[in-house]
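Subject: Handover of a structure

Dear colleague,

Please find the structure below, passed on for your own work. A summary of what was found follows it.

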Amino acid sequence: MRSYCQPGLRGAHEKGGVEGQIGWFRRNHLVPVREVDTLAELNEMIDRWDQEDDARRIRSRPRTIGEYFAAEQPLLAPLPEEPFETGRLSTPRVDRYSQICVRMNRYSVPARLIGRTVRVMLHASEPVAYDGREKVARHERLIARNGSRLHCGLRRALRRGSGRSPPPRPVRGPRSAGP
């Protein structure tokens, strides 16, 4: 069995140090909540802060965070060659507006899939829709509930009324006597 901390009482102090630093990072970089347009923009900001923190010292320790990591990095195991799927799988049905509902948000997919079930892998930053093995749609993930993300072509088609049955024609002339 592999152990990442000292087992038992000898390592009890290690967990708090790691969690304390995560709390420090959150309080110093993410409070108050940052206004960003995209999740990608927030991730870029976090990457920049993380790199800046490499020069920071924790309390009175003799080395910086970056120096400690440089000493530990050669001891880390390599990442696995095959990718690890971190997304959440769902199988929504495509509605008559060519949309799917994923975690209370609506995303557009190609109109040819109306009425069919698709496979969606929801990642932290994007849902990806598949028809069989074919990737059919990818959107930036909506964070708030009850939102919608439509491709421009689909939005125009919905505004025009494309894909819907034509409006009923008015009756010309008197109705015939019925039953």
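The accessible surface of the protein chain comes to about 14,600 Å², and carbon and sulfur atoms account for 53% of that area. Please note that this is a predicted model. Buried residues make up 21% of the 179 residues in the chain.

Overall organisation

The protein chain has four helices and seven strands. From the N terminus on, the order of the elements is α-α-α-β-β-β-β-β-β-β-α; three helices thus precede the run of seven strands, and one helix follows that run. Among contacts between residues at least 6 apart in sequence, 39% join residues at least 24 apart.

The nonpolar core

The largest nonpolar core has 13 residues. Within this core, Ile 100, Val 109 and Ala 129 touch the most other members. At least two core residues come from each of strand 2 (99–102), strand 4 (119–122) and strand 6 (134–138).

Ala 129 merits a separate remark. Leaving aside neighbours within four places in sequence, Ala 129 is in contact with Ile 100 and Val 109. The other contacts of Ala 129, on that basis, are with Arg 119, Val 120, Glu 134, Lys 135, Val 136 and Ala 137.

Helix 2

Helix 2 covers residues 39–53, which is 15 residues. At 1.5 Å a residue, helix 2 should span 21 Å, and its end C-alpha atoms are indeed 21 Å apart, so the expected and modelled spans agree. The buried residues of this helix are Met 45, Trp 49 and Asp 53. Seen down the axis of helix 2, the buried residues fall within an arc of 80°, and they therefore line one face of the helix. The general background is that an α-helix has 3.6 residues a turn, so residues three or four places apart point the same way. On the other side of helix 2, Glu 44 and Gln 51 are exposed.

A buried serine in a loop

Ser 98 is found in the loop between strand 1 (88–90) and strand 2. With a relative accessible area of 2%, Ser 98 counts as buried, because that value is under the 20% cut-off. What does the side chain of Ser 98 reach at 3.4 Å? The partner at that distance is the backbone oxygen of Pro 110. The side chain of Ser 98 also reaches the backbone nitrogen of Ala 111, at 3.3 Å.

Backbone geometry in the loops

Three further loop residues may be of interest when you inspect the backbone.

- Pro 32 lies in the loop between helix 1 (12–29) and helix 2. The peptide bond from Val 31 to Pro 32 is cis, with omega near 0°.
- Arg 59 is found in the loop between helix 2 and helix 3 (65–72). Phi of Arg 59 is near 45°, a positive value in a residue other than glycine. The relative accessibility of Arg 59 is 75%, so this residue counts as exposed.
- Arg 103 has its place in the loop between strand 2 and strand 3 (105–108). Phi of Arg 103 is near 50°, again a positive value in a residue other than glycine. Arg 103 is exposed, with a relative accessible area of 51%.

With kind regards

Methods: Residues numbered from 1 in each chain as written. Predicted model: local features only at pLDDT ≥ 70, side-chain atom pairs only at ≥ 80, totals over all residues. Heavy atoms only, no water. Buried < 20%, exposed > 50% of the residue type's maximum accessible area, 1.4 Å probe, protein only. Contact = heavy atoms within 4.5 Å. Areas by Shrake-Rupley, 256 points an atom, 1.4 Å probe, with all protein chains shown as cover. Core = buried A, V, L, I, M, F, W, Y, C linked by side-chain atoms within 4.5 Å. Expected span 1.5 Å × (residues − 1). Arc of directions from axis to C-beta. Polar contact = N/O pair within 3.5 Å; in protein donor to acceptor, adjacent residues only side chain to side chain.
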